[in-house]
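Q: Got a minute to go through a model with me? I'd like to talk about the packing inside and then a few odd spots.

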Amino acid sequence: NSSYSGVRDYVAGDPLKRIHWKLSAHEQKHKTRLYDDDSSITLSVLIDATKPEGSGESLSYAYDCLVESALSIVVGAMAYKNKTLIVYRRAGELNQIAPLTSEQAVTEVLGGVIFGENSGIADYLLGQNSGGLIVACTCVLSDDLVRNLVYLKGKGRNPILIYSLPPDRDISRDTNLIDMLSANLIEHYVVKDALELKSKMENKQ
């Protein structure tokens, strides 16, 4: 049996049975109970759906690469019985969804990912104190995202970044940030589709 370990603000996807109703009423916002077994998450896939520059077909390719890359990572982890958390923001709400038990369920969850102005995933990284592997997927390589990955690395974590490069994006514009990732020994992949990601990760092993 798991033991009670505290509370945090409710986020979309939390089971209703875990809501601390008395405390929620007192503070006038929903609070979720935490238990020791929450630390059993072995993989967190953070989907940064910040909308990249570009339009039309370029955005479509970038979106497909982002979602398909996340799908590939999650389904691969499920094959090894890893307990996986998917995190993304939609309509201002931070969604944390776990565990997922089938590829169909993962596909349905990822269908809720849409491009927005700011996903908030970079800031979410700073609150990651529990164990488990962190994989951040993005189409926009930002200063905040890279700095926070470096921060996690400095705390003894080993985050992985998957950068889904939009087709019309000049990679030379990202050289400084990619060099920062390399200098801090942060594993990262710059890809244009999920097949390229799979090939690069297999070659890395």
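A: Sure. One term up front: contact means heavy atoms within 4.5 Å. And keep in mind that this is a predicted model.

Q: OK, so which residues is Leu 110 in contact with, leaving aside its neighbours within four places in sequence?
A: Ile 47, Tyr 63, Val 67, Ala 70, Leu 71 and Ile 86.

Q: And which residues have the most contacts inside the largest nonpolar core?
A: Leu 110 again, together with Val 45, Ile 47, Ile 86 and Ile 162; that core has 28 residues. At least two residues each come from β3 (43-48), α2 (57-79), β4 (84-90), α3 (103-110), β6 (133-138), β7 (160-164) and β8.

Q: Which element gives the most to it?
A: α2, with nine residues. Apart from this core lies another one of 25 residues, including Val 150, Leu 152, Leu 165 and Leu 177.

Q: Switching to the outside: which residues form a nonpolar patch on the surface?
A: Tyr 10, Leu 16 and Trp 21, with about 340 Å² of accessible area together. Tyr 10 sits in the loop between β1 (4-9) and α1, and is partly exposed at 31% relative accessible area.

Q: Now backbone oddities. What's the phi of Gln 28?
A: About 60 degrees, so positive, although Gln 28 is not a glycine. Gln 28 is in the loop between α1 (21-27) and β2 (31-35).

Q: Is Gln 28 buried or exposed?
A: Exposed, with a relative accessible area of 75%.

Q: And what about phi of Leu 185?
A: Also a positive value, near 55 degrees. Leu 185 lies in the loop between α6 (175-183) and β8 (187-191), and is exposed, with a relative accessible area of 67%.

Terms used. Residues are numbered from 1 along each chain as its sequence is written. This is a predicted model: local features need pLDDT of at least 70, side-chain atom pairs count only at pLDDT 80 or more; totals for chains, interfaces and linings use all residues. Side-chain values use heavy atoms; hydrogens and water are left out. Helices (H or I, at least four residues) and strands (E, at least two) are DSSP runs, numbered from the N terminus. Buried means under 20% relative accessible area, exposed over 50%, partly exposed in between (1.4 Å probe, protein chains only). Patches are made of residues with over 30% relative accessible area and no salt bridge: like charges are joined within 9 Å, nonpolar side chains (Val, Leu, Ile, Met, Phe, Trp, Tyr) within 5 Å. Accessible areas come from the Shrake-Rupley method with a 1.4 Å probe; for residues, only the protein chains shown count as cover. A salt bridge is a side-chain nitrogen of Lys or Arg within 4 Å of a carboxyl oxygen of Asp or Glu. A nonpolar core is a set of buried Ala, Val, Leu, Ile, Met, Phe, Trp, Tyr and Cys residues joined through side-chain atoms within 4.5 Å.
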